[in-house]
Amino acid sequence: LQRVLETSNAGKSAQDQIKQQKDKMEQELKQKGGEIEELRKQLERDSMVMSKEKREEKEREVRIKLNDFKSLQKRYRTELQRLEKKLVNTLLKDISNLVEEIGKKESYLLIINNAGVMYSPDSIDITDRLIKESNDF
């Protein structure tokens with residue numbers, strides 16, 4: 001299953017979408033980080049000639065921008081995880097449907113992956129029989 005996710009066209013497309021979104025977000029965070037760093041440098045340079053009120057105002061501005069940056073970073077991380085989950089779940093659903101189709105068409109008895117059974121015909125389900133026989137104990 002992992003190999004299908006990594007090498008199929010749909011899997012590669014999902015990975016590309018995630019990478020593009022990640023790159024876009026990283027670029028924006030880099031820009032905002034640069035702005036904060038520039039404000040800090042300006043504050044350090046000018047702090048000796050600023051009034052106490054002006055310096056406190058600039059320090060507050062840096063803190064606000066830093067908090068905004070951290071919030072944006074957290075939001076982007078959440079958005080990226082949500083996008084990845086959505087794309088992978090869609091792909092997994094498509095793969096499961098395809099596995100079931102192949103299993104039925106080619107009369108497989110069982111198709112498994114590392115996580116467990118991906119396909120088995122209903123005819124080999126012995127759950128009802130187990131329940132009945134265990135009730136007879």
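This is a short question-and-answer walk through a predicted model, feature by feature.

Q: Before we look at any detail, what average pLDDT does the protein have, and where is confidence lowest and highest?

A: The average pLDDT is 88, and 95% of the residues score at least 70. Confidence is lowest in helix 4 (residues 127–135), with a mean of 74. Helix 2 is where confidence is highest, at 94.

Q: Let's go inside. Which residues make up the largest nonpolar core?

A: Ten residues make up that core: Ala-14, Ile-18, Met-25, Leu-29, Ile-36, Phe-69, Leu-72, Tyr-76, Leu-80 and Leu-87. Helix 2 (9–46) and helix 3 (52–105) each supply at least two residues of this core. There is also a second, separate core of six residues, and Leu-91, Val-99, Ile-111 and Tyr-119 are among them.

Q: Say I pick Tyr-76. What is Tyr-76 in contact with, once its neighbours within four places in sequence are left aside?

A: You'd find Met-25, Glu-28 and Leu-29 in contact with Tyr-76. Met-25 and Leu-29 belong to the largest nonpolar core, as does Tyr-76.

Q: How do I check the length of helix 3, and what should its 54 residues span?

A: Count 1.5 Å a residue, then look at the end C-alpha atoms. For helix 3 the expected span is 80 Å and the end C-alpha atoms are 79 Å apart, so the two agree.

Q: Which residues of helix 3 are buried, and what covers them?

A: The general idea is that an α-helix has 3.6 residues a turn, so residues three or four places apart point the same way. In helix 3 the buried residues are Lys-58, Val-62, Phe-69, Leu-72, Tyr-76, Leu-80, Leu-87, Leu-91, Ile-95, Val-99 and Gly-103. Their cover includes helix 1 (2–7), helix 2, strand 1 and strand 2.

Q: A lysine in that list caught my eye. Why does Lys-58 count as buried, and what does Lys-58 touch?

A: Lys-58 counts as buried because its relative accessible area is 18%, and the cut-off for buried is under 20%. Not counting residues up to four places away in sequence, Lys-58 touches Gln-42, Leu-43 and Met-50.

Q: And which side chain meets that of Lys-58 in a salt bridge?

A: Start with the principle: side chains of opposite charge can pair when their charged atoms come close. Here the partner is Glu-61, with 3.8 Å from N to O. Glu-61 and Lys-58 are three residues apart in helix 3, so about one helical turn separates them. Glu-61 is partly exposed, at a relative accessible area of 27%, whereas Lys-58 is buried.

Q: How many salt bridges does the count come to?

A: Five. One of them joins the side chains of Arg-40 and Glu-37, at 3.9 Å from N to O. Arg-40 and Glu-37 both sit in helix 2, three residues apart, or about one turn of the helix. Arg-40 has 34% relative accessibility and counts as partly exposed; Glu-37 is partly exposed too, with 37%.

Q: What about Glu-100 and Lys-104: what is their N to O distance, and how many residues apart do they lie?

A: The side chains of Glu-100 and Lys-104 meet in a salt bridge of 3.0 Å, N to O. Both lie in helix 3, four residues apart, about one turn of the helix. Glu-100 is partly exposed at 35%, while Lys-104 is exposed at 53%.

Q: Moving past helix 3, what phi does Ser-107 take?

A: Most residues other than glycine have a negative phi. Just after helix 3, Ser-107 has a positive phi of about 55°, although Ser-107 is not a glycine. Ser-107 lies in the loop between helix 3 and strand 1. Ser-107 is also exposed, with a relative accessible area of 60%.

Q: Last stop, the strands. Do strand 1 and strand 2 pair in the parallel or antiparallel sense, and which residue stands opposite Ile-111?

A: Strand 1 (residues 111–113) and strand 2 (residues 116–119) pair in the antiparallel sense, over three bridges. The two strands form a hairpin, with two residues between them. Opposite Ile-111 stands Tyr-119, in strand 2. Ile-111 and Tyr-119 also turn up in the second core.

Conventions
Residues numbered from 1 in each chain as written. Heavy atoms only, no water. Core = buried A, V, L, I, M, F, W, Y, C linked by side-chain atoms within 4.5 Å. Buried < 20%, exposed > 50% of the residue type's maximum accessible area, 1.4 Å probe, protein only. Contact = heavy atoms within 4.5 Å. Salt bridge = Lys/Arg side-chain N within 4 Å of Asp/Glu carboxyl O. Pairing = 2+ DSSP bridges. Expected span 1.5 Å × (residues − 1). pLDDT = per-residue confidence, 0-100.
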